Amino acid sequence: MNTLILTQRKARNIALLLVLVALFLMGFLTSCKDDDGPLTPSARELAFEKLSGDWDLGNGAGRIEVDGTDVSANYPGFTLSFTDGGYTTTNGADLFNASGSWQWTDEDAKMLSLDDGKEVTITLLNENRFTFTFSHAGGSSANGINTSNGMEGSYTISVVK
């Protein structure tokens, strides 16, 4: 009879131990659950991956137009580089400061604003081509120096990497 009682106690202890182990595992596994799901990059993050880096006119592959007329010859050696929140240009004449800051103005990453107040609309952005538009008042450069290159009008700039 003592053997039967010991066997029943062992069985009960083993069952209790299994229940405790199961409860511990359930608690552990649910506490590690990622309720947010996988992180998906935002439109801004995806666009910046493409935007960052150095852009230029690429020996005729890109162009600068004002009101539909090609004025690329007025900007020889034009380059534009983007970093997170900053930009630099070479030979941007009165269109751009030599360097400055920028920020997204919409969640879809189709518009950005430069520190000189210029509102830029992105019409095409991929790994090797960036096309954007903006309006320019002409007359003086973004840094206040009078120049003859800039013409008033609607600009479309297409650059390549």
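This passage walks through the aromatic contacts, the largest pocket and the salt bridges of a predicted model.

A good place to start is with the aromatic side chains. A pair of aromatic rings is described by the distance of the centres and the angle of the planes. The structure contains 11 such pairs. One of them joins W55 and F130, whose ring centres lie 5.6 Å apart with 55 degrees between the planes, a tilted arrangement. This contact links distant parts of the chain. W55 belongs to strand 1, which covers residues 53–56, while F130 belongs to strand 9, which covers residues 129–136. The two residues are 75 positions apart along the chain. Both W55 and F130 are buried.

A second pair brings together F96 and F132. The centres of these rings are 6.4 Å apart and the planes meet at 65 degrees, so the pair counts as edge-to-face, for which the angle has to be over 60 degrees. Here too, distant parts of the chain are linked. F96 sits in the loop between strand 5 (86–90) and strand 6 (99–104), whereas F132 lies in strand 9, 36 residues away along the chain. F96 and F132 are both buried.

These two pairs are part of a wider picture. One aromatic cluster takes in F48, W55, F78, F82, F96, W102, W104, F130, F132, F134 and Y155. Both partners of the tilted pair, W55 and F130, therefore appear in this cluster, as do F96 and F132.

The cluster also meets a charged residue, K118. The charged end of K118 sits over the ring of F96, at 5.2 Å from the ring centre. The charged end of K118 also sits over the ring of F134, at 5.3 Å from that centre. With a relative accessibility of 9%, K118 counts as buried, because buried means under 20%. In addition to these ring contacts, K118 forms a salt bridge with D116, in which the closest N and O atoms are 2.9 Å apart. D116 has a relative accessible area of 29% and is partly exposed.

The bridge between K118 and D116 leads on to the other charged contacts. In the whole structure, four salt bridges are found. Among them are two formed by R63. R63 pairs with E65, the closest N and O atoms being 2.7 Å apart, and R63 also pairs with D70, where the corresponding distance is 3.4 Å. Through shared partners, R63, E65 and D70 are joined into one network. R63 is partly exposed, at 34% relative accessibility. E65, at 21%, counts as partly exposed, and D70 is partly exposed too, with a relative accessible area of 39%.

Attention can now turn to empty space. Rolling a probe the size of a water molecule over the atoms shows where empty space is left. The largest pocket holds about 150 Å³ of space. Its lining is made up of A43, L46, A47, K50, D108, A109, K110, I122, T123, L124 and L125. Two elements, helix 2 (43–51) and strand 8 (119–125), give two or more residues to this lining. Sorted by class, the lining residues are seven nonpolar, one polar and three charged. The charged ones are K50, D108 and K110, because Lys and Asp count as charged.

Terms used. Residues are numbered from 1 along each chain as its sequence is written. This is a predicted model: local features need pLDDT of at least 70, side-chain atom pairs count only at pLDDT 80 or more; totals for chains, interfaces and linings use all residues. Side-chain values use heavy atoms; hydrogens and water are left out. Rings of Phe, Tyr and Trp (its six-membered ring) pair if their centres lie within 6.5 Å; planes under 30 degrees apart count as stacked, over 60 as edge-to-face and the rest as tilted. Helices (H or I, at least four residues) and strands (E, at least two) are DSSP runs, numbered from the N terminus. Buried means under 20% relative accessible area, exposed over 50%, partly exposed in between (1.4 Å probe, protein chains only). A charge sits over a ring if NZ of Lys or CZ of Arg is within 6 Å of the ring centre and within 35 degrees of the ring normal. On a 1 Å grid over the protein atoms alone, a cavity is a set of points where a 1.4 Å probe fits but cannot get out, and a pocket is an open set with protein on both sides within 12 Å along at least five of seven lines; lining residues have an atom within 4 Å of a point. Grid points are joined across faces, edges and corners, and a volume is the space filled by probe spheres set on the points. A salt bridge is a side-chain nitrogen of Lys or Arg within 4 Å of a carboxyl oxygen of Asp or Glu.
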